[in-house]
Amino acid sequence: MELQTLTYIVVGLTFATYIGIAIWARAGSTKEFYVAGGGVHPIANGMATGADWMSAASFISMAGLIGFSYQGYGGSVFLLGWTGGYVLLAMCLAPYLRKFGKFTVPEFIGDRYYSNTAKVVAVICLILASVTYVIGQMKGIGVAFSRFLETSYEAGLTAGMVIVFIYAVLGGMKGITYTQIAQYVVLIFAYTIPAIFISLELTGNPIPQLGLGSTLVSDGTYVLDKLNQVVTELGFAEYTTSTRGSTLNMFVYTMSLMIGTAGLPHVIIRFFTVPSVKDARKSAGWALVFIAILYTTAPAVAGMARLNLMSTIEPTPGNYLAYDERPQWFKNWETTGLLKYEDKNDDGLVQYSADKATNEMVKIDNDILVLANPEIARLPNWVIALVAAGGLAAALSTAAGLLLAISSAISHDLLKGIIRPDISEKAELNASRIAMGFTVLLAGYLGFNPPDFAAGTVALAFGLAASSIFPAIMLGIFYKRMNTAGAVAGMLSGIGVTLFYVFQHKGIMFVQSTSFLGDLDPNWFLGIEPNAFGAVGAVVNFVVAFAVCKITAEPPKHVQDLVDFIRAPHGAGDATSH
Amino acid sequence: MKNNAEAYWKANVSLIVKLLIIWFVVPFLGGIVFVDTLNQISLGGYPLGFWIAQQGSIYMFVVLIFYYAKKMSDLDDQFSNGGE
């Protein structure tokens, strides 16, 4: 069957399943609406968290970033950063927030710091981080749809916006947890099946995690040795050792992503849905198991795809692919504008090299790698169709989770919590839908002019979450003496420093022309890139919070009792509204 | 009752500190700071440092969380002070 038709069928079937589940499991009350009734099994919740967590950035973008622009070893920052945060979450946040038993993160901050100001600041930080994150998703959705519909990136993005809007506003809010379980299954199959095929083909070992450490069927050299040899011949840095910037940059980048993971509200609220404190701890472990399946496969996908691409363009050293004989996937991706060839020396051959003057592959967008991977390896059409469905599942499940977090912050925390406490349940839900609509439009608009690759944009969101929300929650649990003034000053200075640093290099609200210092290495503070600055922001947050706290009054008795209450695991009630 | 709760919290915090030291040392020192040294050793076709950064640490994170969940579960029973 033709690829296009097959893709439509597979994508159509998976979408029908999601919508079917969403209707079957729709929420009957606000409690079901916000925390899925609080009765989700830890393994099921782990799987849903996995889908919620693994976005377009993980699925579409990450392997491409590892394989290409982060040149192999440098990509470890994503692999470590986006998994290690779960350890922080399981030990430092999830169990206590589950015990606290409310619906949203700003609710915790508002109660713990006995102040609406703290709550509003938390809402603002949450929105900044989540909106940046949604932009990253939009980039991924645009790439997936442009390939799937065989059109330009802009048209693909527009189609994606419409679908996300319909999905999240009408169907996605209801039964989001159960839909995400289905989405997890789709995305994990879509990711691992091509990897297994490719690993088998290259190394004879069906497990990609082992395949990357094995020898090639073709000439018996180790995959990684071969890769090092091929890339260095073309003038690129060695695959297994090239770092991303300095060692300090790698260190800080990884730390930012870890702390950010633990501070992202759409992940934190997932742990409000399990029945007990014990389950919250276990659920974080299960979530990481499901995430690790993809994350340990990704380096194999990255390495093997890079090797396959290189050997397609240059089958043997000095013997280049003729442009007229380029394979179908090459043409398909040229249509999207994400892959560009320019015949600089007019010989009709494709020369790919690290030297900008002679390199003729003028554009290889990192975000196409995973989607193009099965085509490059000439896998059967149904595998290619499955990958398209998987990419969309990843992008949609995360976009839905984020939109839920943003709209609940606006409708539940701001509108009902502060501005109009007497608002009816129905009006609250409507307000939340309107907020979602605006968010999709804003994110789509910024998606037309994305500041970075999907994973890069998402990394900025982590920096914002790391520098504001994580320290405030953690201090609230582990430091009883922390008070309103300290927490508010900490959050504002942490996110302020991070935003200032990002904007000065990337432009205000990511509009490039407004950046007042170019996004270039020599301008970076200690060589730390903007994506990695969240950890520095978090340190600023902690320091300022402590300093301000020391010179202001200690929190009242009832707040200190609240801290004792969340520290003790027993007697956790259901998650409630107020 | 109060002392009980305090002892429980102390035990929790000391467990967290121990586990977070491992959480820090393996990826940040093994996978980043001393990666070049560890790369001298190979694990099949993987240089060891590279393997820690792209595979090993992730497996370790999973083990750490389940170990913590198990230990805390024991602590919960040991300090069981009413409730469920």
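Modeller: The radius of gyration here is taken over C-alpha atoms, and the globule rule is 2.2 Å times the number of residues to the power 0.38. The model is predicted.

Biologist: What makes chain B depart from a compact globule?

Modeller: A compact globule of 84 residues would come out near 12 Å, but chain B has 18 Å. Its C-alpha atoms fill a box of roughly 55 × 20 × 15 Å along the principal axes.

Biologist: Which elements make up chain B, and in what order?

Modeller: Chain B has three helices and two strands. From the N terminus they run α-α-β-β-α.

Biologist: Why is the pair R281(A) and D76(B) called a salt bridge?

Modeller: The rule asks for a side-chain nitrogen of Lys or Arg within 4 Å of a carboxyl oxygen of Asp or Glu. The closest N and O atoms of R281(A) and D76(B) are 3.2 Å apart. The pair therefore meets the cut-off of 4 Å. Across this interface the rule finds two salt bridges. It also finds eleven residue pairs in polar contact.

Biologist: Which element gives the largest share of the side of chain B that touches chain A?

Modeller: α3(B), with 19 residues. That side divides into 28 nonpolar, 13 polar and three charged residues.

Biologist: How do you know that chain B and chain A are in contact?

Modeller: Contact needs heavy atoms within 4.5 Å. By that cut-off, 44 residues of chain B are in contact with 49 of chain A. The buried area is about 4100 Å², and carbon and sulfur atoms give 73% of it. W9(B), Q54(B) and I65(B) supply 16% of what chain B buries there, more than any other three residues.

Key. Residues are numbered from 1 along each chain as its sequence is written. Chains are lettered from A and ligands numbered from 1 in the order in which they are written. This is a predicted model: local features need pLDDT of at least 70, side-chain atom pairs count only at pLDDT 80 or more; totals for chains, interfaces and linings use all residues. Side-chain values use heavy atoms; hydrogens and water are left out. Buried area is the accessible area (1.4 Å probe) that two parts lose on being put together, summed over both. A polar contact is a pair of N or O atoms within 3.5 Å; within protein, one must be able to donate a hydrogen and the other to accept it, and residues adjacent in sequence count only if both atoms are side-chain atoms. Helices (H or I, at least four residues) and strands (E, at least two) are DSSP runs, numbered from the N terminus. Ala, Val, Leu, Ile, Met, Phe, Trp, Tyr, Cys and Pro count as nonpolar, Asp, Glu, Lys and Arg as charged, and the others, Gly among them, as polar.
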